[in-house]
Amino acid sequence: MSTPVPPECIRRVILLHGLWMAGITMQPLARRLRAEGFVPEILGYRTIRESPRAAMATLLGRIRKGGPAHIVGHSMGGLVTLHALRQEPGAPVGRVLCLGSPLCGSAAAGELAGYRLSGLYFGRSRRILTEGCATLPDGFEVGMIAGSAPYGLGRFFGRFEGQHDGTVAVAETRAPGLADHVVIRTSHMGLLLSREVAAQAVRFLRSGRFSGA
């Protein structure tokens, strides 16, 4: 077991934002989790100026400092979390919830990476976004909420097949070993604002499963 505390008893939740975002973008979801009895902590990190490895180290330090926690990561935040837990499989983490994270790598990011000035957009995060994290860390329950409303800048760069949220394809959010996966009609950014997403997040953190998945 990754933590001696049963996941059902954990109330602490660490939230990580995605590329080009700031901690404030996680506030709507944090408020809804708090209303359900959780104790959310938003972890901000520099997605462009610093490497994902620095974010992983910061996350692991936060986990060690405060004790057992669930983790919710939006987009790149989910990838940072999963890579961090692969480095430290004994971390006291209950459940991990990813929101629109491209586990199989982002086709839109791959397309954009071919542009001359793509480095200005990705900074040091290009590799983690294009490669993803299809091999999940052992010993953790990982859930995924994907969006299917095709509104976002990614649609101008990526060639999506099937459902997508405007930035990440639903197919890119699937990987062997997921505890559960659900698709909600919302955009990539809408994953942070949707009441339905928040409700499903609460269900997963409490039980390890979504309802109606």
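Strand E3 joins strand E4 (residues 93-99) through 5 bridges, and the two run parallel. This is a predicted model. E3 also pairs with E1 in the parallel sense, over 4 bridges. Together, E3, H3 and E4 form a right-handed β-α-β unit.

**Strand E3 and its partners**

- Ala69 of E3 has Val93 in E4 as its bridge partner.
- On the E1 side, Leu16 is bridged to Gly73 in E3.
- How many residues of E3 are buried? The count is 6 of the 6, so E3 is largely enclosed by the rest of the structure.
- In a regular strand, side chains alternate between the two faces of the sheet.
- Ala69, Ile71 and Gly73 point one way from E3. His70, Val72 and His74 point the other way. Both sets are buried.

**Positive phi outside glycine**

- Most residues other than glycine have a negative phi.
- Ser75 has a positive phi, near 55°, and is not a glycine.
- Ser75 sits in the loop between strand E3 (69-74) and helix H3 (76-87).
- Is Ser75 buried or exposed? Its relative accessibility is 8%; the cut-off for buried is under 20%, so Ser75 counts as buried.
- Trp20 also departs from the usual sign: its phi is positive, about 65°, although Trp20 is not a glycine.
- Trp20 belongs to the loop between strand E1 (12-16) and helix H1 (27-35).
- Trp20 has a relative accessible area of 49%; exposed requires over 50%, so Trp20 is classed as partly exposed.

**The second largest pocket**

- The volume of the second largest pocket is about 310 Å³.
- Which elements give two or more residues to its lining? They are helix H2 (52-66), H3 and helix H6 (126-131).
- The lining includes Pro52, Arg53 and Met56. His83 and Gln87 are also among the lining residues, as are Arg127, Ile128 and Glu131.
- Ser51, Arg124 and Gly132 also line this pocket.
- By class, the lining residues divide into 3 nonpolar, 4 polar and 4 charged.
- H3 therefore appears in two settings: as the helix of the β-α-β unit with E3 and E4, and as one of the elements giving two or more residues to the lining of the second largest pocket.

Notes:
Residues numbered from 1 in each chain as written. Predicted model: local features only at pLDDT ≥ 70, side-chain atom pairs only at ≥ 80, totals over all residues. Heavy atoms only, no water. Buried < 20%, exposed > 50% of the residue type's maximum accessible area, 1.4 Å probe, protein only. 1 Å grid on protein atoms, 1.4 Å probe; cavity = no way out; pocket = protein on both sides within 12 Å on 5 of 7 lines; lining within 4 Å. Points joined across faces, edges and corners; volume = space filled by probe spheres on them. Nonpolar A, V, L, I, M, F, W, Y, C, P; charged D, E, K, R; others polar. Pairing = 2+ DSSP bridges. Right-handed = clockwise from strand over helix to strand, strands pointing away.
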